[in-house]
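Open the structure in your viewer and get ready to select residues by number. We will go from stop to stop together.

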Amino acid sequence: PDDPYSVIITINAANAGTEIAPVSFFDPRRPGELTVLKLDDVDDEPLAGAEFDLVLDDGDGAYEAEQDTVVGTCVTNATGTCSIGDLDFGTYFWVETAAPTGYELPDDPVSGPIVVNAANAGTEISATVFRDPRVLSELTVRKVDDVDGSPLADAVFLLVRDDGDGVVEEDEDEVIGACVTGDDGLCTATGIDFGTYYWVEVEAPTGYELADNP
């Protein structure tokens, strides 16, 4: 306690041999601190900008949004972490409420129960890890007549992922998909992860030639 001394206790003829009332000391609990770590689900890189609530369980050991109490909120920084301190003993849950830009919330945005008690309060409690899946994209190519701009069907394209150097290299880059344009001159590749890509036309429609740079 802030004052570790009791009041003065006097033993004299009036109380000697009697039961003297015990002196009470009240010790404050050590405050706890909890940290959450947000990672990319693919490469485990830390992610900034994820928003979390820290929720105090009502005593039944199960997360219940309508019954448990939000005791704090935080947003992850460049190291993928954020922390909330000055926590009393209890059972807590992290709840991810907003994913970083370009990512989706995990299937289960609620952590398991985390207990702060006399055994760990005031110590460094291991961070709770959340991994967010990336938002997948789609890329579309449009094939048109070089003279009048009308859409062309039956052009065959490959979608190629660059190996990281930003240079077209057929022997080193990875073909991840192929498609054929429809009557609207369009074809689309879906489920595209983060990366740098380029289209390669490999077969022109009947009556046409490949461009000088396909």
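Which residues gather in a patch of negative charge on the surface? Select Asp163, Asp165, Glu170, Asp171 and Glu172, and you have that patch. Patches are made of residues with over 30% relative accessible area and no salt bridge, with like charges joined within 9 Å and nonpolar side chains (Val, Leu, Ile, Met, Phe, Trp, Tyr) within 5 Å. Asp and Glu count as negative, Lys and Arg as positive, while His and the chain ends are not counted.

Before moving on, keep in mind that this is a predicted model, in which local features need pLDDT of at least 70 and side-chain atom pairs count only at pLDDT 80 or more, while totals for chains, interfaces and linings use all residues. Residues are numbered from 1 along each chain as its sequence is written, and side-chain values use heavy atoms, leaving out hydrogens and water.

Within the patch, zoom in on aspartate 165, in the loop between strand 9 (156-161) and strand 10 (174-180). Strands (E, at least two residues) are DSSP runs numbered from the N terminus. Aspartate 165 is partly exposed at 38% relative accessible area; buried means under 20%, exposed over 50%, and partly exposed in between (1.4 Å probe, protein chains only).

Next, select Val7, Ile9, Ile11, Ile20, Val23 and Phe25, which make a nonpolar surface patch of about 570 Å². Isoleucine 11 sits in the segment before strand 1 (32-40) and counts as exposed, at 62% relative accessibility.

Now for the aromatic rings: the whole structure has 5 aromatic pairs. Rings of Phe, Tyr and Trp (its six-membered ring) pair if their centres lie within 6.5 Å; planes under 30 degrees apart count as stacked, over 60 as edge-to-face and the rest as tilted. Show phenylalanine 52 and phenylalanine 130, an edge-to-face pair with 4.9 Å centre to centre and 70 degrees between the planes. Phenylalanine 52 is in strand 2 (residues 51-56) and phenylalanine 130 in strand 7 (residues 128-132), 78 residues apart. Both are buried. Add Trp94 to see one aromatic cluster with Phe52 and Phe130.

Our last stop is a salt bridge, meaning a side-chain nitrogen of Lys or Arg within 4 Å of a carboxyl oxygen of Asp or Glu. The structure holds 8 of these. Select aspartate 193 and arginine 134, whose closest N and O atoms are 3.1 Å apart. Aspartate 193 is partly exposed at 22%, whereas arginine 134 is buried at 14%. Finally, add Asp40 and Asp43, which are linked with Arg134 and Asp193 in a network of salt bridges.

Technical notes:
Accessible areas come from the Shrake-Rupley method with a 1.4 Å probe; for residues, only the protein chains shown count as cover. The place of a charge is taken as NZ of Lys, CZ of Arg, CG of Asp or CD of Glu. Helices (H or I, at least four residues) and strands (E, at least two) are DSSP runs, numbered from the N terminus.
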